[in-house]
Amino acid sequence: MRSWWQEAVIYQIYPRSFADSNGDGIGDLQGILDHLDYLEWLGVDCLWLTPIYPSPMADFSYDVSNYTDVWPLFGDLALFDELVAQVHERHMRIVLDWVPNHTSSEHPWFQDARSSRDSAFRDFYVWKDSAPDGGPPNNWVRSWVNEPAWTFDQQTQQWYLHCFLPEQPDLNWANPAVRTAMADTLCFWLDRGVDGFRMDVIHLLAKDPEFGDDPEDLKVLSHVVLNHREEIHPILREIRSVVKSYENDPVMVGEVYLIDASLVASYHGNGDELDLAFNFEPMFRPFTAEAWREIIDRVIEHFDARQAWPTWVLNNHDAPRSVTRFRSLERARAAAVMVCTLRGTPFLFQGEELGLENAALEGGEVIDPGFRDGARAPIPWKSAAPHGWPNGAWMQFPPDGETKAVEVQRQDPTSTLSIYRALLQLRREHKALRRGSFSWLESPEGVLSWQRREEEQLVEVHLNFTRDVVAVEARGEVLLSTGRDHAEVFDGSLRAYEAIVMRPTTAP
Ligand code: GLC
Ligand code: CA
């Protein structure tokens with residue numbers, strides 16, 4: 001039996017930069033509601049919203065000060081309920097971002113915890129005494145900068161742990177009261193009808209009980225990447241028992257930031273932990289046939305071994321956009337065909353379907369503490385500035401807003417947007433692409449070719465990673481191409497950076 005999240009295409013919305021309904025320059029829930037037509041037209045099945053909770057915004061709502069409300073500039077609970085209802089009305093689903101590893105330092109739990117060592121909430125967080133030399137308790141380094149993952153609290157004379165900013169103290173998941181309190185936050189949203197959660201840095205919840213030093217030579221990687229503990233598994237099973245007590249099969253997608261397919265695969269347990277886990281290897285590899293062959297083989301090896309269902313991600317709010325990374329729109333389009341036709345669940349990030357590049361920020365314009373602003377630039381809806389944002393947006397637009405705007409690309413059958421839409425339609429029409437088996441086909445150097453099969457249905461994909469014309473042993477009807485009209489007959493000659501999806505002609 002297939003679950004809905006195995007066949008869905010999941011579309012990530014970064015609400016702040018999606019669409020602004022009231023002219024304050026900040027995207028909001030009403031802006032999402034106003035563009036549900038677009039998302040339905042595009043053909044995505046499920047929306048994932050990055051955090052919408054009240055927050056002092058030190059890390060753009062990944063520092064949550066209240067898990068059970070909506071940030072006032074985004075809207076309120078009534079509007080959220082309306083969004084859930086309308087999304088469901090359109091037969092789509094909606095997933096929230098759950099941030100269990102840390103709260104905001106403004107969260108009432110932390111405010112109480114830091115007020116005294118006797119606080120009832122003290123053990124909600126991780127407090128340690130100074131090392132014998134008076135420094136931090138161990139050598140863990142926080143994310144993004146080479147600084148300690150500990151801050152000394154003057155009032156209570158102990159250090160608290162924060163794998164990210166000092167404004168994001170880590171919760172102490174070894175404390176059962178934390179587990180219960182955080183389970184309640186899941187139920188709050190599940191009761192309102194959400195279809196699951198993307199779980200932020202989920203691999204971080206289990207901490208080394210000894211709080212030992214990280215190896216000196218690896219320290220610069222930051223503790224976020226280094227952390228991987230067996231103790232995570234019972235925690236995941238416990239979370240699962242809460243989430244899966246709801247009947248709509250809410251999905252559990254984990255952000256497992258370990259950049260290693262074999263480790264990531266282990267977070268599925270034996271079908272009793274995460275449903276899906278992000279495998280970020282592809283985001284760190286170049287656009288070459290060799291690199292992708294290796295990535296795909298590693299996923300097959302490690303995920304298939306535990307019957308785990310893979311995910312495919314080219315873009316998100318934390319990484320430079322694929323067009324920018326691959327330094328080419330053609331390559332990024334071809335890669336999009338790949339993530340939508342491999343075996344697994346594709347995740348798209350808003351604006352990816354427009355072929356957006358990173359916004360080019362001057363040093364002084366960077367406001368994200370992790371320097372990730374460029375990928376988070378606002379969506380250009382209209383060609384003319386301010387691109388459908390009534391009074392302009394909170395940050396600059398990506399390059400080429402005039403030509404890449406939604407209203408322009410919608411009219412052009414050869415646009416990136418039209419290719420994405422055709423790709424999603426193709427998935428809907430072909431069960432072989434959604435759930436079929438995967439196998440490699442012979443291919444010349446610089447090309448990857450594979451087939452997907454489900455019962456009588458057979459689909460082939462051929463992708464040319466080079467800028468030369470390459471001949472492949474394939475003939476058939478073109479279902480989709482990034483470089484030519486559909487419905488042609490494919491003669492076996494692949495154009496530069498072309499990805500082609502085709503139905504092979506059966507031998508006479
Ligand atoms: C995840 C989020 C990132 C955030 C971090 C801390 O990596 O994707 O945006 O800054 O966790 O919550
Ligand atoms: Ca607004």
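**Exercise 1. The setting of Leu33**

In which helix is the place of Leu33? Determine also whether Leu33 is buried or exposed, and state which residues it contacts beyond its neighbours in sequence.

*Solution.* The structure is a predicted model.
Step 1: Leu33 belongs to helix α2, which comprises residues 29-34.
Step 2: The relative accessible area of Leu33 is 9%. Buried means under 20%, so Leu33 is buried.
Step 3: When neighbours within four places in sequence are set aside, Leu33 is in contact with Leu79, Glu82, Leu83 and Gln86.
Step 4: For Leu33 and Glu365, the separation is 332 residues in sequence and 30 Å in space, taken from C-alpha to C-alpha.

**Exercise 2. Classifying aromatic pairs**

Classify the pair formed by the rings of Phe188 and Trp189, and then the pair formed by Phe278 and Phe347.

*Solution.* Step 1: A pair of aromatic rings is described by two quantities, the distance of the centres and the angle of the planes.
Step 2: The structure holds 34 aromatic pairs. In one of them, the ring centres of Phe188 and Trp189 are 4.9 Å apart and the planes stand at 80 degrees. Planes over 60 degrees apart count as edge-to-face, so the pair of Phe188 and Trp189 is edge-to-face.
Step 3: Phe188 has a relative accessibility of 22% and counts as partly exposed, whereas Trp189, at 0%, is buried.
Step 4: Phe278 and Phe347 also form an edge-to-face pair, with 4.8 Å from centre to centre and 85 degrees between the planes.
Step 5: This pair links distant parts of the chain, as Phe278 lies in the loop between β9 (276-277) and α10 (289-305), while Phe347 lies in strand β11 (residues 345-349), 69 residues apart.
Step 6: Phe278 is buried at 2%, and Phe347 is buried at 3%.
Step 7: Phe188 and Trp189 are also members of one aromatic cluster, together with Tyr53, Tyr67, Phe80, Trp109, Phe121 and Phe124.

**Exercise 3. Charges over rings**

Over the face of which residue does Arg293 lie, and over which does Arg325 lie?

*Solution.* Step 1: Arg293 lies over the face of Trp440, at 4.2 Å from the ring centre.
Step 2: Arg325 is placed over the face of Phe326, at 5.3 Å from the ring centre.

**Exercise 4. A calcium site**

Which residues coordinate the calcium ion (ligand 2)?

*Solution.* Step 1: The coordinating atoms come from Asp20 (OD), Asn22 (OD1), Asp24 (OD), Ile26 (O) and Asp28 (OD), at 2.2 to 2.4 Å.
Step 2: Along the chain, the donors of this calcium ion follow the spacing D-x1-N-x1-D-x1-I-x1-D.
Step 3: Both Asp20 and Asp28 are buried.

Technical notes:
Residues numbered from 1 in each chain as written. Chains lettered and ligands numbered in written order. Predicted model: local features only at pLDDT ≥ 70, side-chain atom pairs only at ≥ 80, totals over all residues. Heavy atoms only, no water. Phe/Tyr/Trp six-rings, centres within 6.5 Å; stacked < 30°, edge-to-face > 60°. Buried < 20%, exposed > 50% of the residue type's maximum accessible area, 1.4 Å probe, protein only. Helix = DSSP H or I, 4+ residues; strand = E, 2+ residues; numbered from the N terminus. Lys NZ or Arg CZ within 6 Å of the ring centre and 35° of its normal. Contact = heavy atoms within 4.5 Å. Donors = N, O, S within 2.8 Å, 3.2 Å for Na, K, Ca; no water.
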